[in-house]
Amino acid sequence: MAGRHSKRCIFANAQPLQELRMSTPCHARLLSGLLVLLLAGCSSLAPRPELPDQNAVARAQGTALDDLIDKAEAAHPGQSGFRLVREGPEAFAIRAHTALMAGRSLDVQTYIWKDDATGAFLAYRAIEAADRGVKVRLLVDDMDARGKNYKFAALAAHPNIEVRMFNPFGSRTGALQFAFEALGSFSRINRRMHNKSWIADNRIAIVGGRNLGNEYFGASKEVNFVDLDFAMVGPVVRDASASFDRYWNSQASYPMALLAPDDVTTAALDTLRKSAAARAAVAQDHPFAVELRNSDAIQRLVAGDWPMHWTSRYLFVADDPAKALDDGGGPAGSQVLAMIGPMLEDSRHRISIISPYFVPGKQGSSFFVRQVGAGTGVRVLTNSLAANDVAMVYGGYSKSRPALLQGGVQIWELKPLPGVETQRSMFGSSGASLHTKALAADSSRLFVGSYNLDPRSTSLNCEQGVFVEESTVATQLEAIFDQESSGERAWAVTLENGKLRWSDGSRTYDDSPEASGGQKFQAWLAKVLHLDSQL
């Protein structure tokens, strides 16, 4: 797969953007040359000096998490336990509670860490853990983190907290500097670390699609995501830790003390500590906190009731972090795709795909149509245009939709969340109703991770995920698909006499339902500009 076997390289056909050339008068060329020099001066990032490798703190005995998990692991030798975490409050509670219980280490890897109620509370939990002597490592992609430079620098001043930024900007402040550097180093800046892991004491790991912030945990008043994680115990946790170490030690990961040494100060940490404590106290009265305290399911979870499904048939996969440092090898650089392809190709009965950004292109569409022709049902749940935060991605997907439908692939598009106005942008990545990245095959195998089925996840971003062969959790994922694709939640998309139709069982539309003119224009623009490789 991924370039080595073309029939399995199912999301790899998007062509790179072509350079735009036009004749210019001499003075314009001179100004262009000066601009290039300016951009070059603003976009330099010094190579990271050689640093000694660091590895996760080894599994041991004696912490609260050890005591909780040891008995379960002993009852399932050689196996790992998996739990699908669908509800946002549970996803938050597991993270917050494992940070509270951690006695040795806390490793957090994320694409986005928001400075809102839940994000600030988790940061406070990290400070509390470090105060107890826990070794805390925070690895954050710098695209969003740069704007929170001072707070991450303050955390890095704690003797037990290390903070590294993945593929960072050389400039740490200023919108103009950000723009200049992004333009001058576009090839590098365009590649991001999309992985998400939360690992406590090397005994329990939470991985999947969720970033850290209100909308990922169901705590936002504006928008909340439909998302999914795996909570895991057993040997698979050590696989997740090994992947974290690989990224942590990568040449693309820069210590905060190297990027902003003047901001890594005890005074900044003291200020952050006081602010975080005050915000944590206020958060106790947040409606989300009240909901957590009143939830029987959450209270059982806090008490240690963590039902798991056990199996020895699993695989943790992550792209090589070097994918962010060079051309990435195109589709051949996607280790996640290299495993998804065979899983889908070997399916004989049904494939269920949930992907907020779904851009299969001609090659991917042909693959799915061939699967249908061979007798395997293929169904897809993705965002509708009205629910999509990046309308241009929808434009890329819409080009493939007629061929998919004509070939027998079933498609549902998720409606906007009831009572919520989705935040939208041309290039942003927050605000979509659907954020789950998962698929199931034949009610026996499933994948949950950070990987969208699109060219960006395949060729540009670093991604990761977990493959599990266990019928109970695979069936659970298919049940989630059934619930989210119901008429209350989604529109079924069909092709009737060559025309597209959207229906929820009570009403039918002949155009993208509830989408604004601006969204439709952005989607159209993506189609005519052939931006698929960037989507």
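**Talking through helix α4 and its neighbours**

Modeller: Let's start with a caution: over residues 419-432 the pLDDT (the predictor's confidence in each residue, from 0 to 100) stays under 50. For that stretch the model has 48 contacts (heavy atoms within 4.5 Å) beyond four places in sequence. This is a predicted model, where local features need pLDDT of at least 70 and side-chain atom pairs count only at pLDDT 80 or more, while totals for chains, interfaces and linings use all residues. Residues are numbered from 1 along each chain as its sequence is written, and side-chain values use heavy atoms, without hydrogens and water.

Biologist: Thanks! What is the average pLDDT of the protein?

Modeller: The average is 86, and 87% of the residues score at least 70.

Biologist: Why is α3 called roughly parallel to α4?

Modeller: The axes of α3 (residues 88-101) and α4 (residues 117-131) cross at roughly 15° and come within 8 Å. Angles under 35 degrees count as roughly parallel, so α3 is roughly parallel to α4.

Biologist: And what makes α4 oblique to α11?

Modeller: Here the axes of α4 and α11 (residues 266-283) cross at roughly 120° and come within 9 Å. Over 145 would be roughly antiparallel and 65 to 115 roughly perpendicular, with the rest oblique; therefore α4 is oblique to α11.

Biologist: Which residues of α4 meet α11?

Modeller: Ala117, Ala120, Phe121, Tyr124, Ile127 and Asp131 in α4 do, and their partners in α11 include Arg273 and Ala276. Phe121 in α4 is also among the residues that meet α3, where the list includes Phe92 and Leu100.

Definitions and conventions: Axes are lines fitted to C-alpha atoms, for helices over the stretch in contact, and angles run from 0 to 180 degrees between N-to-C directions. Helices (H or I, at least four residues) and strands (E, at least two) are DSSP runs, numbered from the N terminus.
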